[in-house]
Amino acid sequence: MSVLVVGSFALDTVETPFGRADNAIGGSAMYIATAASYFTLPIRAVGVVGGDFPPEGIAFLEKKNVDLEGIQTIDAGKTFRWSARYHYDMNVRDTLSTELNVFETFNPEIPSSYRRSRWVCLGNIDPVLQLSVLDQIEKPHVVIGDTMNYWIEGKKDDLMKTLRRIDILIVNDSEARLLANEPNLIKAGRIIREMGPKIVIVKKGEHGALLLTEETVFSAPAYPMESIIDPTGAGDSFAGGLVGWLARTDDLSEENLKRSVIYGSSLASFCVEQFGVEGLADLSYLQIRDRVREFKELSRFEEHEPSYGEQTSP
Ligand code: AMP
């Protein structure tokens, strides 16, 4: 099943307690498209880069068979840049700078070959651009969207319009609280569901993810990693794995939505093992399946009700 991915292509500078990367190839669309490419094809990318975007970034996506017709190159402009510093607790990061550069004047033009994409994944970019993409697609089957504090604080009205057209929203815990103005995540999920998306997925970093639908609250564990090198892109890899799995199976049942959260978590766990997109460079479908099975073991337990004689007296 076809998946259209729109988002940022970036040069990221990140500092973690274990090292730093300067101008690493990244961006929300880079991570989403790469993660999704392990499950289904075609993956169609939409975005913009400047003349300074390294050819290795394009070659990386070509190797994953991502369709690049929808990527505009503005030779005279600079690629979007983002920099962040992670704390010792790597769930916490400070954004040091966001330079929109070619994004400031970006006007997404969806190639005609992309217009009938069944699955659309709106990576974290300006909600006005997300909406403009949706306006150019003929009746997408499912729209999955991501956003972040930057847009919730800066473009709330536009974001509210986009939310009405999103079926599955993926946000992290602090974004869910900010968007709903509600500290409790279950209640926040309910409030966000009234804004449009019928399915809300809340990422909680190393504490896993919550799937919230009308009928279900499903809590997925996070993979207990011994070595996290760079958490950048974990959220986008999660979204890419999730949309890739859903598009591959074309099944929105509650059970399959739960599976998609685990496939998303699995891709996120590979992503954080190395700096930038390297952790997603050379995976095999089997490796992904094995990790999904490990996830299953993580929270499986046997129930045991002691018989009367076994019970200890108080
Ligand atoms: P994640 O760690 O999954 O939240 O995503 C990190 C990626 O998002 C980095 O590669 C950044 O380049 C990109 N990013 C950060 N801020 C923005 C923004 N305001 N708009 C678009 N992309 C962004």
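Where is the place of Thr216? Thr216 sits in the loop between E12 and E13, and I shall begin there before turning to the sheets.

Please note that this is a predicted model, in which local features need pLDDT of at least 70, side-chain atom pairs count only at pLDDT 80 or more, and totals for chains, interfaces and linings use all residues. Residues are numbered from 1 along each chain as its sequence is written, and side-chain values use heavy atoms, with hydrogens and water left out.

Strands (E, at least two residues) and helices (H or I, at least four) are DSSP runs, numbered from the N terminus. Thr216 counts as buried because its relative accessibility is 12%; buried means under 20% relative accessible area, exposed over 50%, and partly exposed in between, with a 1.4 Å probe and protein chains only. Leaving aside residues up to four places away in sequence, Thr216 touches Leu211, Glu254 and Lys258, where contact means heavy atoms within 4.5 Å.

The loop belongs to a hairpin: E12 and E13 form one with 4 residues between them. Strand E12, residues 209-212, pairs with E13 in the antiparallel sense over 4 bridges; two strands pair if DSSP finds at least two bridges between them. Ala209 has Ala220 of E13 as its bridge partner.

In a regular strand the side chains alternate between the two faces of the sheet. In strand E13, residues 217-220, Phe218 and Ala220 form the covered face, while Val217 and Ser219 form the uncovered one.

Helix H7, residues 185-194, lies across E12 and E13 as well as strands E10 (168-172) and E11 (199-203), and runs at about 45 degrees to E12. Axes here are lines fitted to C-alpha atoms, for helices over the stretch in contact, and angles run from 0 to 180 degrees between N-to-C directions.

I now turn to the sheet itself. It is open, has 9 strands with mixed pairing, and follows the order E5-E4-E1-E8-E9-E10-E11-E12-E13. Strand E5 (67-74) and E13 stand at the edges with a single partner strand each, so one side of each is left without a neighbour in the sheet. Strand E4, residues 43-50, runs parallel to E5 and is joined to it by 6 bridges, with Gly47 opposite Ile71 in E5.

Finally, there is an open sheet of 4 strands, ordered E3-E2-E6-E7, also with mixed pairing. Strands E2 (residues 10-16) and E6 (residues 80-86) run parallel and are joined by 6 bridges; Glu15 has Arg85 of E6 as its bridge partner.
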